[in-house]
Amino acid sequence: MEEPPPASATRRTRERYDQLVREAKALCASCPLFTDCLYSAVAEHDVSGFVAGTTAAQRRSIRNLLNVEVQADDFDQLAGARGTRRPVSHEEVLRLRTQYPNDSLESLAMRLGCSLSTVKRHLRRARRGQSPAAKTPRPRPQVTAVLDAFDTVVEQHQPRRGSTRVA
């Protein structure tokens, strides 16, 4: 359901896909949590698959209309499936460079538990007089704006019967 079948797919495959999409949209449209689900999938979490009557591509289009940016959840890191490296602060790199001026950059990276490229990136920023500014998060859109963008992006959607609007 994530992507339509290719043009080379059989007619039966394309018809089956269209039928599944219609059924999924009907189920989503009749769900009492439709509005909350759509809002969460557009403004809070970058989920995959068919959610709230939308594909991932449609949700990206809705976000573009609303100027919303959502980072994908890193499930590997949350589950501890990847290494133990943690983000290294700019100040920490500069502090260690000052404390150990004769150490190689590789040694600093080992002390920090990060990659050599991370150390180099922070030192370049310091030479340029740039400090990594904390990104100010974009304000989340209103629920009504998400619903309006949904109406614009998703053609032929079913009425949102029984939806719960969050004010």
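At 46% relative accessibility, arginine 111 counts as partly exposed, a class lying between buried (under 20% relative accessible area) and exposed (over 50%), with a 1.4 Å probe and protein chains only. Select this residue to open the tour. The model is predicted, so local features need pLDDT of at least 70 and side-chain atom pairs count only at pLDDT 80 or more, while totals for chains, interfaces and linings use all residues. Residues are numbered from 1 along each chain as its sequence is written, and side-chain values use heavy atoms, with hydrogens and water left out.

**First stop: the partner of arginine 111**

Add aspartate 103 to the selection. Aspartate 103 and arginine 111 form a salt bridge, with the closest N and O atoms 3.0 Å apart. The term requires a side-chain nitrogen of Lys or Arg within 4 Å of a carboxyl oxygen of Asp or Glu. Aspartate 103 is partly exposed, at 22% relative accessibility. The structure holds 4 salt bridges, and two others are visited below.

**Second stop: the whole chain**

Now display the protein in a cartoon representation. There are 8 helices and 0 strands, and the pattern along the sequence is α-α-α-α-α-α-α-α. Helices (H or I, at least four residues) and strands (E, at least two) are DSSP runs, numbered from the N terminus. Of the 167 residues, 29% count as buried. The accessible surface comes to about 11,300 Å², with 51% of it belonging to carbon and sulfur atoms; these areas come from the Shrake-Rupley method with a 1.4 Å probe, and for residues only the protein chains shown count as cover. Among contacts with a separation of 6 or more, 61% are between residues 24 or more positions apart, where contact means heavy atoms within 4.5 Å.

**Third stop: helix H1**

Select residues 11-30, which make up helix H1. Which side chain meets that of arginine 11 in a salt bridge? The partner is glutamate 15, at 2.9 Å from N to O. The two are 4 residues apart in helix H1 and therefore separated by about one helical turn. Arginine 11 is exposed, with a relative accessible area of 61%, whereas glutamate 15 is partly exposed at 42%.

Next, select arginine 14, which is also placed in helix H1. Arginine 14 is partly exposed, at 33% relative accessibility. Leaving aside neighbours within four places in sequence, arginine 14 is in contact with Pro5, Pro6, Ala7 and Ala9. A C-alpha distance to display here is that from arginine 14 to proline 4: the separation is 7.7 Å, for residues 10 apart along the chain.

**Fourth stop: a link between distant parts of the chain**

Select arginine 140 and glutamate 44, which form a salt bridge with the closest N and O atoms 3.5 Å apart. This pair links distant parts of the chain, 96 residues apart: arginine 140 is in the loop between H7 and helix H8 (143-153), and glutamate 44 is in helix H2 (residues 34-44). Arginine 140 is exposed, at 51% relative accessible area, and glutamate 44 is partly exposed, at 30%.

**Last stop: a positive patch**

Finally, select Lys120, Arg121, Arg124, Arg127 and Arg128, which form a positive surface patch. Patches are made of residues with over 30% relative accessible area and no salt bridge, like charges being joined within 9 Å and nonpolar side chains (Val, Leu, Ile, Met, Phe, Trp, Tyr) within 5 Å. Lys and Arg count as positive and Asp and Glu as negative, with His and the chain ends not counted; the place of a charge is taken as NZ of Lys, CZ of Arg, CG of Asp or CD of Glu. Within this patch, arginine 121 lies in helix H7 (residues 116-127) and is partly exposed, with a relative accessible area of 33%.
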